[in-house]
Amino acid sequence: MIQSPRAVIDIGSNAIRLVVYGGPPRAPMPIYNEKARISLGDSVSKTGGISAEILEQALAALVRFKTLTEAMKVGELRVVATEATRRARNGGEFLLRAAKAGVPIDLISGEEEACASALGVVCDMPWATGYVADQGGGSLELAKIEAGEPRQMVSMPYGTIPLTNDGDCNAKSLARDIEEQLEDSADFRIERGLPLHLVGGAWRTLAQLHMHVTDYPLTILSNYTMPPDAAAGLSAIVSDRSAMEQSGVVSGARVPFMPAAFATMEALIRLFRPSEVIVSVYGLREGLLFDRLSGDARLEDPLLAAARHEGARLSRFAYHGDGIANWIAPIFEDDPAPLQRLRDTVCLLADSVWNSHPEYRAEHAAELALEGNWPGVTAADRAIMASALYAAYGGKKARPPLLSLLAPNEQLDRATLWGLAVRLAQRLDGGTGIGLEGVTLHKSANSISLEYTPELRHLDSTTVRRRLKHLNEAFSAATSRSE
C-alpha cells in the first residue's frame with residue numbers, strides 16, 4: 001500500500017522550514033526540504049515582537065509551503081511554532097493571521113518541544129539512552145531518555161541568537177547558568193556518564209567541523225560520535241572566522257552563531273560529563289511524526305522498515321527479501337543481535353541495484369549501503385552492510401579500502417560471508433524466491449551444502465554449485481584466520 005507523504009512546517013527562530021517525508025511510517029524519508037531564511041528570533045530579540053516586514057515574509061512563506069504540500073498530495077501536515085513565536089508580544093496576531101491565510105499553527109510549549117526532539121532521537125535510534133539537547137536560535141531544550149521515553153523535559157532561553165547578541169559566550173559561566181536553572185526545576189536530575197545526543201543545525205555544523213579537522217573518511221552526520229574532549233580540537237577553528245569560512249562546511253549565515261553553539265556544547269559537556277557525544281540528524285520534526293505512531297508501529301526497527309520499503313520498491317520480481325534473510329539465517333546462528341539486524345537489512349536490499357550497469361553493480365551496491373539515507377545506523381554499520389552487498393553483487397576487486405577505516409576487518413569479513421550467501425540465494429532461483437521454500441542451506445562442521453526437495457531438484461546447476469563452492473571457500477578462509 002502506497003503511503004501518502006507527510007509533512008512538517010517548523011517555524012523556528014532562525015528560519016521557517018518545510019520537510020516532506022515519504023517512506024514507511026516508522027522510517028520517514030525526506031523527499032523535499034525547503035528553508036525560508038526568515039529570522040523571527042532576531043526581530044523578537046531586538047524589539048520584543050515580530051516586525052511587520054518579517055511577519056509578512058513569514059506569512060508568504062507559509063502560504064507557499066501550504067500550496068506545495070497540496071500539490072504534493074500530502075496526507076498529513078503538521079505546522080508548529082516554537083520559541084520566537086512563544087516570546088513575541090504579537091505572537092497571537094501572527095497565529096491569527098496565519099489561520100486566516102489557511103495555515104493554522106500549533107504553538108507548542110518549551111516542554112513539548114523538548115519532548116518532540118527527544119522522540120526524534122528515539123525515532124532514529126530506538127535503544128538510545130542518556131540526554132538529548134536541542135539548541136535552536138531562540139532556546140535550548142533538554143530531556144532524558146529512559147526506556148525509549150522522554151523524561152525531565154526542560155526549556156531554557158539559551159538559543160544561539162540571544163547568546164550571540166549578549167556577546168559573551170563563556171562556557172564556564174554558561175554551564176553555571178544552565179545548572180542553576182536545572183536546580184530550580186524540581187524534576188531534573190543530572191546523571192553523569194551517559195551519552196549526550198545533540199540536535200540542531202549549529203551542532204551538526206560543529207560535527208562537520210570535527211570531521212574536517214580529524215579527516216574523518218565518511219562525511220555523513222547521522223549518529224556521528226565525538227569523544228567528550230572534542231571541544232579541545234574544535235576550539236581553534238571556531239575562534240577563527242576565516243578558518244570556518246575556508247573549511248567549506250560552515251555557511252555564511254551560520255558563522256556568527258558558531259561560537260555560541262560551541263560554548264553551549266562545551267558547557268553541557270562540563271555539566272553532564274557524558275560518555276560520548278552523538279550528533280543526531282533527527283529531531284523535532286521527526287519526533288512529531290513518531291508521536292503520531294501506534295504503539296506497535298513504534299516498536300518496529302526503523303532500519304529494517306526503511307530497507308524493506310526500498311527493497312520492495314527496487315526489486316525486479318515479487319519481493320522476497322525476508323525470505324532470503326530466513327533462508328541464510330541457519331548458517332549464521334552465532335551472529336550477535338546487532339549484526340543480525342545488519343545481515344537482515346542486507347537481505348532486504350538484495351535486489352536493489354539490478355538496474356545498474358553490470359560492471360559497476362558491486363560498487364553501486366556498496367554505495368547504497370554507505371550513502372543511503374538509513375536510520376538507526378552508525379558509520380561502522382554502513383561499512384559492514386557495504387561489505388556484504390559488495391560481495392552479493394560479485395565485487396571483482398578487493399573490497400573498498402574505505403570500509404576498513406570505518407569498521408573492524410573481522411566484522412567486514414563476516415559481512416562478506418553474508419553477501420556470498422545472498423549471492424547463492426539469488427542464483428539458485430534467478431532472484432524470484434521460488435527456491436527458498438524447497439531448498440535448504442545446511443552447515444556442518446566441515447562444509448555448507450544444499451538439500452533439494454524432489455520437486456525442485458531441477459534448480460541445481462553448474463553456476464549454483466560454483467557459488468556454493470565460493471561460499472565454502474570463504475567460510476574455510478575465515479575459519480583459518482580466526483584460529
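In which hand, left or right, does helix 14 pass helix 16? I took this up as my opening entry, keeping in mind that the model is predicted, and I found that helix 14 passes helix 16 in a right-handed crossing.

I then looked up the geometry of this pair, and noted that the axes of helix 14 (residues 302–314) and helix 16 (residues 337–348) come within 8 Å and cross at roughly 15°. Because angles under 35 degrees count as roughly parallel, I wrote down helix 14 as roughly parallel to helix 16. On the side of helix 14 I listed Leu303, Leu304, Ala307, Arg308 and Gly311, which meet Arg341, Leu342, Asp344, Thr345 and Leu348 in helix 16. Sorting the residues of this contact gave me five nonpolar, two polar and three charged.

Next I turned to helix 20 (residues 409–428) and helix 21 (residues 462–482), which pack at an angle of about 165° with their axes 9 Å apart. Since angles over 145 degrees count as roughly antiparallel, I entered helix 20 as roughly antiparallel to helix 21. Their crossing is left-handed, and the residues of their contact divide into 11 nonpolar, two polar and six charged.

Last, I looked up the largest nonpolar core, which has 67 residues, and saw that Trp327, Trp418 and Leu450 touch the most other members. For Leu450 I noted contacts with Trp327, Leu424, Val439, Thr440, Leu441, Val464 and Leu468, leaving aside residues up to four places away in sequence. Apart from this core lies another, of 45 residues, and among them I found Leu140, Leu174, Ala207 and Ala261.

Definitions and conventions: Residues numbered from 1 in each chain as written. Predicted model: local features only at pLDDT ≥ 70, side-chain atom pairs only at ≥ 80, totals over all residues. Heavy atoms only, no water. Core = buried A, V, L, I, M, F, W, Y, C linked by side-chain atoms within 4.5 Å. Buried < 20%, exposed > 50% of the residue type's maximum accessible area, 1.4 Å probe, protein only. Contact = heavy atoms within 4.5 Å. Axes fitted to C-alpha atoms, helices over the stretch in contact; angles between N-to-C directions. Helix = DSSP H or I, 4+ residues; strand = E, 2+ residues; numbered from the N terminus. Parallel < 35°, antiparallel > 145°, perpendicular 65-115°, else oblique. Left-handed = near helix turned anticlockwise from the far one by under 90°. Nonpolar A, V, L, I, M, F, W, Y, C, P; charged D, E, K, R; others polar.
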